[in-house]
Amino acid sequence: MTTSTRNYTPKISVVTLGCSKNLVDSEVLLGQLHGGKAHIVDDVDDADIAVINTCGFIEAAKQESIDAILEAVERKKQGKLKKVVVMGCLSERFAKELAAEIPNVDAYFGSHHLAQVVRELGVDYREELLGSANSPPRLTSPT
């Protein structure tokens, strides 16, 4: 049985690194993806697309972000991921350098480009979902 590419919804995993602002940004992104009926998975091992929300200020988190990007790119080279998207303050501060050093990333976005990230993932950005009871936040931390 073959699955039509048109009807296939890619599985998306969001990896959040760094500060609590990144956690909130990831939760807002996940709310948009959920509202757009995207197929969200918790584990990048189960994903077709990895979104890495990076930190560019805390030194240890910067290195962790770079390591996570490199790991995702390696998974893409092995055919385990179809797409790698990087967002957050590391890619905002060092977009040119990252694109030159790690060109296998499909797209780099800064911290304030949520709508573009959502569209890159094939979902329509919906302002009405921001703070909406119709799309409660998908929390990534224990409550």
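These legends go with a set of close-ups of a predicted model.

Because this is a prediction, local features need pLDDT of at least 70 and side-chain atom pairs count only at pLDDT 80 or more, while totals for chains, interfaces and linings use all residues. Numbering starts from 1 along each chain as its sequence is written, and side-chain values use heavy atoms, with hydrogens and water left out.

**View 1. An open sheet of 5 strands, paired in parallel.**
The strand order is S2-S1-S3-S4-S5. Strands here are DSSP E runs of at least two residues and helices are H or I runs of at least four, both numbered from the N terminus; two strands pair if DSSP finds at least two bridges between them. At the edges sit S2 (39–40) and S5 (107–108), each pairing on one side only. S1 and S3 run parallel over 5 bridges, and Val14 has Val51 as its bridge partner in S3.

**View 2. Helices H1 and H2 against the sheet.**
H1 (residues 20–35) packs on the sheet and touches S1, S2, S3 and S4 (83–88); contact means heavy atoms within 4.5 Å. The direction of H1 makes about 165° with that of S1. H2 (residues 59–77) lies across S3 and S4, at about 170° to S3. Angles run from 0 to 180 degrees between N-to-C directions, with axes fitted as lines to C-alpha atoms, for helices over the stretch in contact.

**View 3. Thr54, in strand S3.**
Is Thr54 buried or exposed? With 0% relative accessibility, Thr54 is buried (buried is under 20% relative accessible area, exposed over 50%, partly exposed in between; 1.4 Å probe, protein chains only). The Thr54 side chain gets to 3.3 Å from the backbone nitrogen of Leu90. Leaving out residues up to four places away in sequence, Thr54 touches a list of residues including Leu17, Asn22, Ile69 and Cys89.

**View 4. Cys55 and Cys89, two cysteines without a bond.**
The structure holds 0 disulfides (a disulfide is a pair of cysteine sulfur atoms within 2.5 Å). For Cys55, the nearest cysteine sulfur is that of Cys89, 4.6 Å away. Why no bond for Cys89? Because its sulfur is 4.6 Å from the closest one, in Cys55, and that is too far. Cys55 is buried at 2% relative accessible area, and Cys89 is buried too, at 8%.

**View 5. Lys62 and Glu59, a salt bridge in helix H2.**
The closest N and O atoms of this pair are 3.4 Å apart; a salt bridge is a side-chain nitrogen of Lys or Arg within 4 Å of a carboxyl oxygen of Asp or Glu. Glu59 and Lys62 are 3 residues apart, so about one helical turn separates them. Glu59 is exposed at 55%, whereas Lys62 is buried at 18%. Not counting neighbours within four places in sequence, Lys62 is in contact with Cys55, Gly56, Phe57 and Leu90.

**View 6. Two further salt bridges, Asp25 with Lys21 and Lys76 with Asp106.**
The count for the structure comes to 6 salt bridges. Asp25 and Lys21 have their closest N and O atoms 2.7 Å apart, and sit 4 residues apart in helix H1, about one helical turn. Asp25 is buried at 16%; Lys21 is partly exposed at 41%. For Lys76 and Asp106, the closest N and O atoms are 3.0 Å apart. Lys76 lies in H2 and Asp106 in the loop between H4 (95–101) and S5, so this bridge ties together parts 30 residues apart in sequence.

Key
A polar contact is a pair of N or O atoms within 3.5 Å; within protein, one must be able to donate a hydrogen and the other to accept it, and residues adjacent in sequence count only if both atoms are side-chain atoms.
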